[in-house]
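This report walks through selected local features of one structure, moving from aromatic packing to a helix, a metal site and a few individual residues.

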Amino acid sequence: MPGPAYDLALANRILAREGVVDAYGHVSLRHPGQESRFLLSCSRSPELVTPQDIMEFDLAGEPADRADERQTYLERFIHSAVYESRGDVMAVVHSHSPAVLPFSITDAPLRPAIHTAGLIGARIPVWDIRTKFGDTDMLVRNMEQGRDMARNLGACSVILMRGHGCTVAAADLKEAVIAAIYLQLNAAVQLAACQLGKLRYLSDSETKLTAETNRLPAVKARMWDYYVKRADAGF
Ligand SMILES: [Zn+2]
């Protein structure tokens with residue numbers, strides 16, 4: 001049945017199909033009618049998520065229905081902290097995208113280099129959990145850690161998390177999914193290209209213009225339909 005839970009389950013399947021998420025990683029959507037809540041699956045691998053797995057959470061990262069005893073994602077605070085700090089964000093993807101990881105552990109900046117990746121933004125900060133919290137298991141396990149990450153994200157669309165992964169914040173679900181997919185592709189292209197010679201990135205202005213094109217409803221719809229077809233969710 002089409003609706004927010006259905007779309008969010010589809011987003012899970014798409015990100016799994018494209019290799020952005022594996023057993024881990026998650027995608028959320030701010031509640032369309034209640035801005036202080038968001039939708040996120042219970043703790044399941046994205047490849048397996050169905051509309052029935054979608055739960056409602058408050059901005060403290062706790063289930064809106066306290067009687068719901070399903071297992072929740074340990075890192076749900078990534079989502080609640082971003083929604084709390086960014087009123088413009090309607091969807092969040094957190095992944096351990098393999099192509100992105102090298103940029104989280106070196107000084108090499110991840111920068112937009114291809115026209116399909118304008119949505120990732122001109123500046124991509126790297127957050128190191130150790131700076132404020134010392135040695136941890138690297139996971140964002142509470143609101144304090146989530147808020148520190150969100151502070152470092154600032155007004156950007158993407159933040160890398162040292163030795164862990166990345167978080168993508170966007171104005172709607174399609175945009176978040178597309179940005180996460182093309183963030184991964186941009187990282188792979190950048191890694192491949194740096195073996196060939198000096199890199200030429202998109203300028204800040206090109207990044208802005210390509211993002212505007214990628215945000216056109218017809219463009220987003222075409223991409224979404226393509227990825228939905230490939231995901232072949234079957235629900
Ligand atoms: Zn993670």
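The model described here is predicted, and the account begins with two residues that share a state of burial: Phe-38 is buried, and Tyr-83 is buried as well. Ring pairs join Phe-38, Phe-57 and Tyr-83 into a cluster, and a search of the whole structure finds 5 aromatic pairs. In the pair formed by Phe-38 and Phe-57, the ring centres are 5.5 Å apart and the planes stand at 20°, so this pair is stacked. Phe-38 belongs to strand E2 (residues 37-41) and Phe-57 to strand E3 (residues 54-58), so the pair ties together parts that are 19 residues apart in sequence. The relative accessible area of Phe-38 is 0%, and that of Phe-57 is 0%, which places both residues among the buried ones. The rings of Phe-38 and Tyr-83 have their centres 5.2 Å apart with planes at 35°, so this pair counts as tilted. Here the link runs between distant parts of the chain, from Phe-38 in strand E2 to Tyr-83 in helix H2 (residues 77-85), 45 residues apart.

The two ring pairs are set out below.

| Ring pair | Distance between centres | Angle between planes | Class |
|---|---|---|---|
| Phe-38 and Phe-57 | 5.5 Å | 20° | stacked |
| Phe-38 and Tyr-83 | 5.2 Å | 35° | tilted |

A second topic is helix H8. Helix H8 (residues 217-231) has 15 residues and spans 21 Å from its first C-alpha to its last, close to the 21 Å expected at 1.5 Å a residue. Its buried residues are Lys-220, Met-223, Trp-224, Tyr-227 and Ala-231. Viewed down the axis of H8, these buried residues fall within an arc of 100°, so they line one face of the helix. An α-helix has 3.6 residues a turn, so residues three or four places apart point the same way. On the other side of H8, Ala-218, Arg-222, Asp-225 and Lys-229 are exposed. The elements that cover the buried residues of H8 include helix H1 (4-17), helix H6 (173-193) and helix H7 (204-214).

Also within helix H8 is Val-219, which is partly exposed, with a relative accessible area of 24%. Apart from neighbours within four places in sequence, Val-219 is in contact with Thr-213 and Asn-214. Val-219 and Arg-66, by contrast, are 153 residues apart in sequence and 40 Å apart in space, taken C-alpha to C-alpha. Just after H8, Asp-232 takes a positive phi of about 45°, a positive value in a residue other than glycine. Asp-232 counts as exposed, at 63% relative accessibility.

The metal site comes next. Glu-75 (OE), His-94 (NE2), His-96 (NE2) and His-164 (NE2) coordinate the zinc ion at 2.0 to 2.1 Å. The angles among the 4 donor atoms run from 97 to 142°, and the site of the zinc ion is irregular. Four donors count as tetrahedral if all angles lie between 85 and 135 degrees, so the upper end of the range, 142°, rules out that class for the zinc ion. Along the sequence, the donor residues of the zinc ion follow the spacing E-x18-H-x1-H-x67-H. Two of the donors, Glu-75 and His-164, link distant parts of the chain: Glu-75 sits in the loop between E3 and H2, and His-164 in the loop between strand E6 (158-161) and strand E7 (165-170), 89 residues apart. Both Glu-75 and His-164 are buried.

Which residues does Leu-139 touch, not counting residues up to four places away in sequence? They are Leu-74, Glu-75, Ile-129, Gln-145 and His-164, and among them Glu-75 and His-164 are donors to the zinc ion. The C-alpha atoms of Leu-139 and His-164 are separated by 7.8 Å, although the two residues are 25 residues apart along the chain. Leu-139 is located in the loop between H4 and H5 and counts as partly exposed, at 22% relative accessibility. Met-138 lies in the loop between helix H4 (129-133) and helix H5 (143-153), and has a positive phi of about 80° although it is not a glycine.

How values were computed
Residues numbered from 1 in each chain as written. Predicted model: local features only at pLDDT ≥ 70, side-chain atom pairs only at ≥ 80, totals over all residues. Heavy atoms only, no water. Phe/Tyr/Trp six-rings, centres within 6.5 Å; stacked < 30°, edge-to-face > 60°. Helix = DSSP H or I, 4+ residues; strand = E, 2+ residues; numbered from the N terminus. Buried < 20%, exposed > 50% of the residue type's maximum accessible area, 1.4 Å probe, protein only. Expected span 1.5 Å × (residues − 1). Arc of directions from axis to C-beta. Contact = heavy atoms within 4.5 Å. Donors = N, O, S within 2.8 Å, 3.2 Å for Na, K, Ca; no water. Tetrahedral: all angles 85-135°; square planar, octahedral: opposite > 155°, others 65-115°.
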